[in-house]
Amino acid sequence: MNDDFEYVRGRSAAVCQEADVALIERALMYWRVQDVESMLSTYADGIVYHVYTFQEASPQFAEFAGKEAVRAVLYDILADFDYLFYASDLIELRDGVARVQSRFVLRHRGSGESLSGSKRQRIHVANGVIVRIDEYHDVAMVDAFMRLTKFKLR
């Protein structure tokens with residue numbers, strides 16, 4: 001059996017490994033149901049998770065290295081936000097790097113304010129585990145939302 005096959009999602013098609021597709025889809029499903037520990041089982045011990053936006057908006061927007069650091073930030077995110085809706089599309093997987101687009105609706109637990117938007121991720125896979133995630137948010141939207149929630153909490 002040929003290890004490569006044609007995988008189509010969204011608008012792109014790429015030759016990729018079936019196991020990498022299954023791994024990424026499993027990790028995305030675990031986050032959708034807020035199962036941090038199962039999601040971490042898909043990560044390398046030395047995982048690097050980088051969220052690109054203004055770090056001043058929230059301490060959760062920075063680079064974190066290692067499962068323990070990533071575990072802490074993921075639980076912090078869930079402590080601050082209730083996910084009302086979360087859906088992801090694997091757009092492309094090529095040479096061990098996946099491009100993912102996710103849509104979400106979140107409720108900030110402290111203020112009750114809701115945020116709907118989307119993010120993009122580049123997920124790097126090597127040796128059957130996720131080794132790096134680069135996550136890109138709409139910086140202006142996140143900054144405005146975080147300032148709004150800080151104002152409401154005063």
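**Cavity, turns and strands**

Biologist: Where does Gln 34 stand, buried or exposed or somewhere in between?

Modeller: In this predicted model, Gln 34 has a relative accessible area of 27%, and it counts as partly exposed because that value falls between the cut-offs of 20% and 50%.

Biologist: Where along the chain is Gln 34 found?

Modeller: Gln 34 sits in the loop that lies between H1 and helix H2 (36–40). Its phi is near 60 degrees, which is a positive value in a residue other than glycine. In general, most residues other than glycine have a negative phi.

Biologist: And what about phi at Asp 95?

Modeller: Asp 95 is not a glycine either, yet its phi is positive, at about 55 degrees. Asp 95 belongs to the turn of the hairpin formed by S5 and S6, which has 2 residues between the strands, and with a relative accessibility of 75% Asp 95 counts as exposed.

Biologist: OK, how many bridges hold S5 and S6 together, and which way do they run?

Modeller: S5 and S6 run antiparallel and are joined by 12 bridges; one of the pairings puts Asp 89 opposite its bridge partner Gln 101 in S6.

Biologist: What does S6 do on its other pairing, with S7?

Modeller: S6 and S7 also run antiparallel, with 11 bridges between them, and Arg 107 has Ser 114 in S7 as its bridge partner. These two strands form a hairpin with 5 residues between them, and Gly 112 in that turn has a positive phi of about 80 degrees.

Biologist: Which side chains of S6 are buried, and which are not?

Modeller: The side chains alternate along S6: Ala 98, Val 100, Ser 102, Phe 104, Leu 106 and His 108 point to one face and are buried, whereas Val 97, Arg 99, Gln 101, Arg 103, Val 105 and Arg 107 point to the other face and are not buried. Such alternation between the two faces of the sheet is what a regular strand shows.

Biologist: Changing topic, how many cavities of 30 Å³ or more are there?

Modeller: The structure holds 1 cavity of 30 Å³ or more, and the largest cavity has a volume of about 350 Å³. Of the 27 residues that line it, Tyr 49, Tyr 83, Lys 119, Glu 135 and His 137 are the closest to its centre.

Biologist: Which elements give two or more residues to that lining, and what classes does the lining hold?

Modeller: Among the elements giving two or more residues are helix H1 (18–32), strand S6 (97–108), strand S7 (114–126) and helix H4 (139–153). By class, the lining has 22 nonpolar, 3 polar and 2 charged residues.

Terms used. Residues are numbered from 1 along each chain as its sequence is written. This is a predicted model: local features need pLDDT of at least 70, side-chain atom pairs count only at pLDDT 80 or more; totals for chains, interfaces and linings use all residues. Side-chain values use heavy atoms; hydrogens and water are left out. On a 1 Å grid over the protein atoms alone, a cavity is a set of points where a 1.4 Å probe fits but cannot get out, and a pocket is an open set with protein on both sides within 12 Å along at least five of seven lines; lining residues have an atom within 4 Å of a point. Grid points are joined across faces, edges and corners, and a volume is the space filled by probe spheres set on the points. Helices (H or I, at least four residues) and strands (E, at least two) are DSSP runs, numbered from the N terminus. Ala, Val, Leu, Ile, Met, Phe, Trp, Tyr, Cys and Pro count as nonpolar, Asp, Glu, Lys and Arg as charged, and the others, Gly among them, as polar. Buried means under 20% relative accessible area, exposed over 50%, partly exposed in between (1.4 Å probe, protein chains only). Two strands pair if DSSP finds at least two bridges between them.
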